[in-house]
Amino acid sequence: MQTNFMTSRTKENLMRAFAGESQARNRYIFAAQTAYEQNLYVLSEIFKFTASQEEQHAKIFFGLLKDAAGKNIEISAGYPADVYSELQQLLDSSVHNEGEEFEVIYPDFAKIASEEGFRQVESKFRMIAEIERSHQQRFDYYGRLLRENKLFRSDKTERWMCLNCGHIHEASEAPLVCPVCGARQGYFIREAEAPFTSGGILCQE
């Protein structure tokens, strides 16, 4: 038997999820600006790309609150204050936060929704948890590259793409300046990870 939505824990969890996704979206937008200011355009784009997905998650959770339209929902929850200026810290904290969502928070919310009879909500929590797993993997990958000083360097010859003009550079390191458009090294990404290419970062979801 389905629990009354207005007295359910699921109603509160949906609001927690909406609030969490909303602040995650803003955290990543702020992180993107930090990356841009440090001439790491590729990391800026990755943060913005992930932020747009968090915005859609917030929209989904907000839409599932339609039965509470016009009401105030009081919740208590903890949210990270990742006010860092170091990109390594921003990437590492993002790995941690995304991991909490897909390992603990959303599975717990899904379990409660199931117990209360809200099957659609349960399904959304479980599916979005898997997306958060991909977010964690994305941040972990680029965090490791940054930590190991391999964001623009490799142990082998690779094809690097300038995200500004599309120039392809074959070497073990991306050029300091694009020879075509003059963009800085921070605009380069491994071609295999570039947007809209086979295996590219925008094709991973």
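A charge is taken to sit over a ring if NZ of Lys or CZ of Arg is within 6 Å of the ring centre and within 35 degrees of the ring normal. In the structure before you, the charged end of Arg27 meets this criterion over the ring of Tyr28, 5.4 Å from its centre.

Let me state the terms of the analysis. This is a predicted model, in which local features need pLDDT of at least 70 and side-chain atom pairs count only at pLDDT 80 or more, while totals for chains, interfaces and linings use all residues. Residues are numbered from 1 along each chain as its sequence is written, and side-chain values use heavy atoms, with hydrogens and water left out.

I begin with the overall architecture. The protein chain has four helices and three strands, where helices (H or I, at least four residues) and strands (E, at least two) are DSSP runs numbered from the N terminus. Along the sequence, their pattern is α-α-α-α-β-β-β. The C-alpha atoms fill a box of roughly 65 × 30 × 25 Å, taken along the principal axes. The chain exposes about 10900 Å², of which carbon and sulfur atoms supply 50%; accessible areas come from the Shrake-Rupley method with a 1.4 Å probe, and for residues only the protein chains shown count as cover.

Of the 205 residues, 45% count as buried. Buried means under 20% relative accessible area, exposed means over 50%, and partly exposed lies in between (1.4 Å probe, protein chains only). As to contacts, defined as heavy atoms within 4.5 Å, residues 24 or more positions apart account for 66% of those with a separation of 6 or more.

I turn to the nonpolar cores. Such a core is a set of buried Ala, Val, Leu, Ile, Met, Phe, Trp, Tyr and Cys residues joined through side-chain atoms within 4.5 Å. Which members of the largest core touch the most other members? Of its 31 residues, they are Leu43 and Phe47. At least two residues of this core come from each of α1, α2 (41-63), α3, α4, β1 (153-162) and β3 (188-190). Helix α2 supplies the largest share, six residues. Leaving aside neighbours within four places in sequence, Phe47 is in contact with Tyr28, Ala31, Ala32, Leu87, Leu90, Leu91, Ser94 and Phe139. Apart from the largest core lies another, of 19 residues, including Phe5, Ala17, Tyr106 and Phe118.

Thr34 also deserves a remark. Thr34 is placed in helix α1 (residues 9-37) and is buried, at a relative accessible area of 15%. Beyond four places in sequence, Thr34 touches Ser85, Leu87 and Leu90.

Next, the aromatic residues. The structure holds 13 aromatic pairs. Rings of Phe, Tyr and Trp (its six-membered ring) pair if their centres lie within 6.5 Å; planes under 30 degrees apart count as stacked, over 60 as edge-to-face and the rest as tilted. Tyr106 and Phe109 form one tilted pair, with 6.2 Å from centre to centre and 45° between the planes. Both residues lie in helix α3 (residues 87-115), three residues apart, about one turn of the helix. An α-helix has 3.6 residues a turn, so residues three or four places apart point the same way.

Why does the pair of Tyr106 and Phe125 count as tilted? Their ring centres are 5.6 Å apart and their planes stand at 35°, so the pair falls in that class. Because Tyr106 lies in helix α3 and Phe125 in helix α4 (residues 119-147), this pair ties together parts that are 19 residues apart in sequence. Tyr106 is buried at 2% relative accessible area, and Phe125 at 0%. Together, Phe61, Tyr106, Phe109 and Phe125 form one aromatic cluster.

Phe109 is itself buried, with a relative accessible area of 9%. Not counting residues up to four places away, Phe109 touches Asn13, Arg16, Ala17 and Phe125. The C-alpha atoms of Phe109 and Arg9, 100 residues apart along the chain, are separated by 8.7 Å.

Finally, helix α4 and the loops. Helix α4 has 29 residues and reaches 42 Å from its first C-alpha to its last, close to the 42 Å expected at 1.5 Å a residue; the expected span is 1.5 Å times one less than the number of residues. Asn149 follows, in the loop between α4 and β1. Asn149 has a positive phi of about 55° although it is not a glycine, and is partly exposed at 48%. Asn39, in the loop between α1 and α2, also has a positive phi, near 65°. At 37% relative accessibility, Asn39 counts as partly exposed.
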